[in-house]
Structures are given as C-alpha cells and as structure tokens.
Amino acid sequence: MFREMRRKNQELSREECLAVLDRGTSGVLAVHGEGGYPYAVPLSYAYADDKLWFHCARAGHKLDAIIRDPKVSFCVTDRDQVVPLEYTTYFRSVILFGRARVLEDPAEIRAALERLALRYAPEDSQEHRQSVLEKELPAVAIIEVAVEHLTGKEAIELVRSRHALE
C-alpha cells in the first residue's frame, strides 16, 4: 500500500525517525480538504508508541476534514540547510501516514493534553499545568493519529558525512 523509498541509501532507520520526531517541535499535517484540495497545516504534537496527538478547535477546516476522511500524513523537518553554491539543501525529514480519530473518552483526552503540556512545558508545576488544562479542556478537540507507516530521509551529503565519521 505504501511506496518503498527509491533512494534506499538515504533512508533513515526507524530509530533515527523516532529521534527526529522526538527532537521536532512542530510538523505539517496534511488532510483531504474541501473540494478535493489537500489542506496542510503546521502544528505542535506529541508522539509515543506509534501514536501522534495534537489539539485543535472544536470546529474548523482541519477537524471537518479529519471527520470526513481520517487518512492523514504528517511531516517533520529536522534539518533544512540551504547550500547555495551547490544548488541543494542538506535536509533530514520524517513523514508518517495514519488514521486520525477525534478522542471522545475524557480520560484519553486528559492524558493526551497532559502529554502535550509536558512536552512543551516540562518545567511547569503540576498545579499550574492542571489549572491550564482545566481551563482549556472545554475549548479543544484532541486528535490521535494511529501510525500505519513511518519513513525518513536525509540528503546524500549528510549520509556521506555520517559514514566518513564511522
């Protein structure tokens, strides 16, 4: 169902893909938008155990698209260094494909919000975090993406420099 990468020598291992997801602070979600047009939107996320979570408003383009068609992709760029004299970019990125669902269970919603809060504000006190979550809970929808396929790729120049260090 998912295509194999053509340039196998540039493919990241699963461990490297997970490291990219761990380092990333935002990614771009792509959904099947209205009128057959793709809709891609940057957002913050949390990832663990082949699941990705993000929050959104309880109404809007993104949520409508997910409800209409749960198949999504999500891309995180880990490195993007333009090298003008070589007419190239030294890049490293990961893309995942999966099926999104709107969480309904209050325990799942709270756990996902907690995961997001800890990811982006790990130094915050539990008391403050809980007060913010209580305030935000009624206003947000939480989406969970069950990952079906995960792949990553980096520029050949990065592959070569990594092998030169080995």
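**Notebook: Glu114 and its surroundings**

I began with Glu114, which sits in helix α3, spanning residues 106-120. The model is predicted, and I kept that in mind throughout. Is Glu114 buried or exposed? I read a relative accessible area of 19% for Glu114. Buried means under 20%, so Glu114 counts as buried.

Next I asked which side chain Glu114 meets in a polar contact. The partner is Gln130, and the two side chains come to 2.8 Å. I then set aside the neighbours of Glu114 within four places in sequence and listed what was left. Glu114 is in contact with Arg129, Gln130 and Leu133. Gln130 therefore turns up in both searches, as polar partner and as contact, with Glu114 itself buried.

**Overall layout**

I stepped back to the whole chain. I counted five helices and seven strands. Read from the N terminus, the order is α-β-β-β-β-α-β-β-α-α-β-α. I fitted a box to the C-alpha atoms along the principal axes and got roughly 50 × 45 × 30 Å.

How much of the protein is buried? I found 37% of the 166 residues in that class. For the surface, I noted an accessible area of about 10100 Å². Carbon and sulfur atoms hold 54% of that surface.

I also checked contacts by sequence separation. Among those with a separation of 6 or more, 71% join residues 24 or more positions apart. For charge, I tallied 23 positive and 27 negative. Their mean positions lie 5 Å apart.

**Strand β7**

I turned to β7, residues 140-154. This strand is mostly covered, with 11 of its 15 residues buried. Which strands pair with β7? I found β4 and β6.

Strand β4 covers residues 51-57 and runs antiparallel to β7. Seven bridges join them. Strand β6 covers residues 88-102 and is also antiparallel to β7. I counted 11 bridges there.

I picked Glu144 in β7 to follow across the pairings. Trp53 stands opposite Glu144. Arg101 stands opposite Glu144 as well. I logged Glu144 as a residue with an opposite number in each pairing, Trp53 and Arg101.

**Positive phi**

I looked up two residues that are not glycine but have a positive phi. Asp50 has a phi of about 60 degrees. Where does Asp50 lie? I placed Asp50 in the loop between β3 (46-48) and β4. Its relative accessible area is 30%, so I entered Asp50 as partly exposed.

Tyr87 is the other entry, with a phi of about 55 degrees. I found Tyr87 in the loop between β5 (71-83) and β6. Is Tyr87 buried or exposed? Exposed means over 50%, and Tyr87 reaches 79% relative accessibility, so Tyr87 counts as exposed.

I noted that the loop with Asp50 leads to β4, a partner of β7. The loop with Tyr87 leads to β6, which is also joined to β7.

**One distance check**

Last, I took Asp64, in helix α2, residues 61-68. At 38% relative accessibility, Asp64 counts as partly exposed. How far apart are Asp64 and Leu150, C-alpha to C-alpha? I got 24 Å in space, for residues 86 apart in sequence. I closed the page there.

How values were computed:
Residues numbered from 1 in each chain as written. Predicted model: local features only at pLDDT ≥ 70, side-chain atom pairs only at ≥ 80, totals over all residues. Heavy atoms only, no water. Helix = DSSP H or I, 4+ residues; strand = E, 2+ residues; numbered from the N terminus. Buried < 20%, exposed > 50% of the residue type's maximum accessible area, 1.4 Å probe, protein only. Polar contact = N/O pair within 3.5 Å; in protein donor to acceptor, adjacent residues only side chain to side chain. Contact = heavy atoms within 4.5 Å. Areas by Shrake-Rupley, 256 points an atom, 1.4 Å probe, with all protein chains shown as cover. Lys, Arg positive; Asp, Glu negative; His and termini not counted. Charge placed at Lys NZ, Arg CZ, Asp CG, Glu CD. Pairing = 2+ DSSP bridges.
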